[in-house]
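Hi there,

Here is the structure I promised to pass on. Please have a look at it first, and my notes follow below.

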Amino acid sequence: TTLYDDARDVVHGTHFGTALHAPWAIFLVFLVVVLFRKWPLSFGVYAALTLVVALTAPNLTSLERYGLGCFPFTLALVSLTERRELRWGVLSVSTAMLVGYSILAFLGTYVP
């Protein structure tokens, strides 16, 4: 229900800062799939259980912190940068997101 509520907030334009966490949930699910395909099973299970616990919270405001605290997510992201072209893509997108989230934080729209 939390993901549904945040998606509804995006569509209706309310609680924009909270709704920014929903795409991260989708991205973390993608990283769990990467973990199950490229890393030991225990890493995938650990990340999947962490994500399930985080998604059952009444809101997603700490989702990124849970993702950063769960080391297999970082390993999955590193796995995506094996090819040089993807490495530069990840760096470029990360830089753009850092700038975007910083602007939103300075404007008071997003609280990290």
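Among contacts in the protein chain between residues at least 6 apart in sequence, what percentage join residues at least 24 apart? The share is 62%, where a contact means heavy atoms within 4.5 Å.

Before the rest, a word on the ground rules. This is a predicted model, so local features need pLDDT of at least 70 and side-chain atom pairs count only at pLDDT 80 or more, while totals for chains, interfaces and linings use all residues. Residues are numbered from 1 along each chain as its sequence is written, and side-chain values use heavy atoms, with hydrogens and water left out.

On the overall fold, the protein chain has 7 helices and 0 strands, and its pattern along the sequence reads α-α-α-α-α-α-α. Helices (H or I, at least four residues) and strands (E, at least two) are DSSP runs, numbered from the N terminus. The C-alpha atoms fill a box of roughly 40 × 30 × 20 Å along the principal axes.

Of the 112 residues, 28% count as buried; that term means under 20% relative accessible area, with exposed over 50% and partly exposed in between (1.4 Å probe, protein chains only). The accessible surface comes to about 7500 Å², and 72% of that belongs to carbon and sulfur atoms (Shrake-Rupley method, 1.4 Å probe; for residues, only the protein chains shown count as cover).

You may like the largest pocket, with its volume of about 800 Å³. A pocket here is an open set of points on a 1 Å grid over the protein atoms alone, where a 1.4 Å probe fits, with protein on both sides within 12 Å along at least five of seven lines; lining residues have an atom within 4 Å of a point. The volume is the space filled by probe spheres set on the points, which are joined across faces, edges and corners. Its lining has 26 residues, and Trp24, Glu64, Leu68, Leu77 and Met97 lie nearest the centre. Helix 3 (22-38), helix 5 (63-69), helix 6 (71-79) and helix 7 (84-107) each give two or more residues to that lining, and the largest share, 7 residues, comes from helix 7.

Two residues to click on: Thr81 sits in the loop between helix 6 and helix 7. Thr81 counts as buried because its relative accessible area is 18%, and, leaving out residues up to four places away in sequence, Thr81 touches Arg87 and Val90. Ser94, in helix 7, is partly exposed at 40%. Ser94 and Leu75 are 19 residues apart in sequence and 16 Å apart in space, C-alpha to C-alpha.

Best wishes
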